[in-house]
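User: Got a model here and I'd like to talk through the enclosed spaces inside it. Can we go over them together?

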Amino acid sequence: MNFISLENVVFSYTDDENVKSEKNAVDGVSLNIKKGEFVALLGHNGCGKSTIAKHLNAMLLPDSGRVLIDGDDTSDEDKTYDIRKKVGLVLQNPDNQLVASIVEEDVAFGPENLGIPPQEIRERVDYALKAVGMYDYREHAPYKLSGGQKQRVAIAGILAMLPECIVLDEPTAMLDPNGRDEVLSTLLKLNKEKNITVVLITHYMDEAVLADRVVVMDSGKILTQGTPDQVFSQVELLKKHRLDVPQSTELANKLCGCGVKIDKMPLDTEACVKMLEEVLK
Amino acid sequence: MVRDVAFGQYFPGKSLIHKLDPRAKILLLIGFLVIIFCTFNYFSLLLVTLFTALMILSSGVPAKFYFKSLKVIIFILVITSVLNLFYGTGTPIWQWGIIKLTVNGINRAVFVTIRIICLILASSCLTFTTSPTELTDAIERLMKPLNKIHFPVHEIAMMMSLALRFVPTLLEETDKIMSAQKARGADMESGNIIKRVKALMPVLIPLFVSAFRRAYEIATAMECRCYRGGSGRTKMKSIHMSKRDAFSFIALAAIICGVILCNIFIPAVI
């Protein structure tokens, strides 16, 4: 059974005068995500990927179509908090997500809202901080941490609510390369070890490569989807929609254009080196 | 630059004062502040000064941070003590025009200076040893009876803790905006006071705009984490009074008795 299921979702934002914008931010998206999957949602700014993210935990409700989380419709108001407990959303700016002045107290914020008994909150906070590798920083002030560390604390804050799925809306956009690596390896670990469904929204191709499945969006619609291999081999289609491919794929594609025969498009540097070795033999 | 302000910071630790119930600490501080201003002779003044020193030493926070918190008010301190120095009553021991110096004036100046120093040090001791969450939690609990008259206690406590959380973030942002405006040729360090205040406008406007945008995002993030007001919330760190707190109240009571006894048996000097 699908854990998340979007059925023909249409959504447009209203402006200040409460008039619906003519252009749909999300325009008929259908998407199914299974439990334990790692899905990357890829696209330009304004392609509707953040809007999709907010649909997944009932922050936004579709104008038409439905969003089902574990079988529950997000438009059912009684279920709103159940859904938010199951699907945690991590936002782009780590500074604006941390609400307490001490790391562990911030992580406790979610479980406190759920009315969990103190002893269990303590256990959950320790579990979440250990899972993201920030346990040693539990008594630090958030503003003294680096961007990557802050974002990991934000992930711990969601994790402490024991969600089944974490949706991350460009979590690495404001981070330096080190911070990006920290966050991504944390996500991969959570996905593999704790079987948590991850929906990673990004516009970095190199991050999308890590996912089980890549969904590419453009102007509110799904352009293409499949495994990273399948998606990034469609270099022409992606280029047409002004989307990049990973550098290694780009190189391989150019070589193809020059008449070199390549069986499998490489997605990262390692695969690229292997591919070049093969070709040069 | 603006980030050097030590007042209101929290230093995690395991000292006796750290372990006291934050509610007890707030009540003790209020009691102590009152007693500071009930000192009328040097013996009682010495008593409260010693008590303040004891507090600082047992807090385990490096003394330099206490000095830092004093640095902020040094201007106020100098002004009030100088004013008191020359406004004493009694026979002048030195006079120059309308300016006269009396024994009473000197006493007043000494008292006011030491009282303010003790006041700041004692308050710093509270904020240094209590995390903002504990502090707002304690205020929430102390104000709980007001809930009966529909006073939004939880909301106010939440606003306070959020405000405290974002003080360093906003200070950092102010720094950034100032640098950005300076890079565009804004002059903020010269001219008279009116000019300088005017020069601050290009800093304040972007700061306010971004603060509102931040507030909106924080609200979203809080909603994502199932925040829905105070009802049904639990706390990870539940606070409760213990023997330690009783002991600290006894210590305060001893100081109060000491000061009162001094006031009775030793003549007041101001």
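**Cavities in the model**

Analyst: Sure. Bear in mind that this is a predicted model. In the largest cavity, at least two lining residues each come from α3 (103-114) of chain A and from α7 (132-142) and α8 (153-183) of chain B.

User: Which element gives the largest share of that lining?

Analyst: That's α7(B), with five residues.

User: And what volume does the largest cavity have?

Analyst: About 290 Å³. There are 20 residues lining the largest cavity, and those closest to its centre are Glu112(A), Thr133(B), Thr136(B), Arg233(B) and Lys235(B).

User: How does the lining of the largest cavity split by class?

Analyst: Eight charged residues, seven nonpolar and five polar.

User: OK, switching topic. How many cavities of 30 Å³ or more are there?

Analyst: The count comes to two. The second largest cavity holds about 50 Å³ of space.

User: Which residues line the second largest cavity?

Analyst: From chain A you get Leu89(A), Gln97(A), Ala154(A) and Ile158(A), and from chain B there's Ala221(B), Cys224(B) and Arg225(B). The elements giving two or more residues to the lining of the second largest cavity are α5 (147-159) of chain A and α9 (193-224) of chain B.

User: What about classes for the second largest cavity?

Analyst: Its lining has five nonpolar residues, plus one polar and one charged.

Definitions and conventions
Residues are numbered from 1 along each chain as its sequence is written. Chains are lettered from A and ligands numbered from 1 in the order in which they are written. This is a predicted model: local features need pLDDT of at least 70, side-chain atom pairs count only at pLDDT 80 or more; totals for chains, interfaces and linings use all residues. Side-chain values use heavy atoms; hydrogens and water are left out. On a 1 Å grid over the protein atoms alone, a cavity is a set of points where a 1.4 Å probe fits but cannot get out, and a pocket is an open set with protein on both sides within 12 Å along at least five of seven lines; lining residues have an atom within 4 Å of a point. Grid points are joined across faces, edges and corners, and a volume is the space filled by probe spheres set on the points. Helices (H or I, at least four residues) and strands (E, at least two) are DSSP runs, numbered from the N terminus. Ala, Val, Leu, Ile, Met, Phe, Trp, Tyr, Cys and Pro count as nonpolar, Asp, Glu, Lys and Arg as charged, and the others, Gly among them, as polar.
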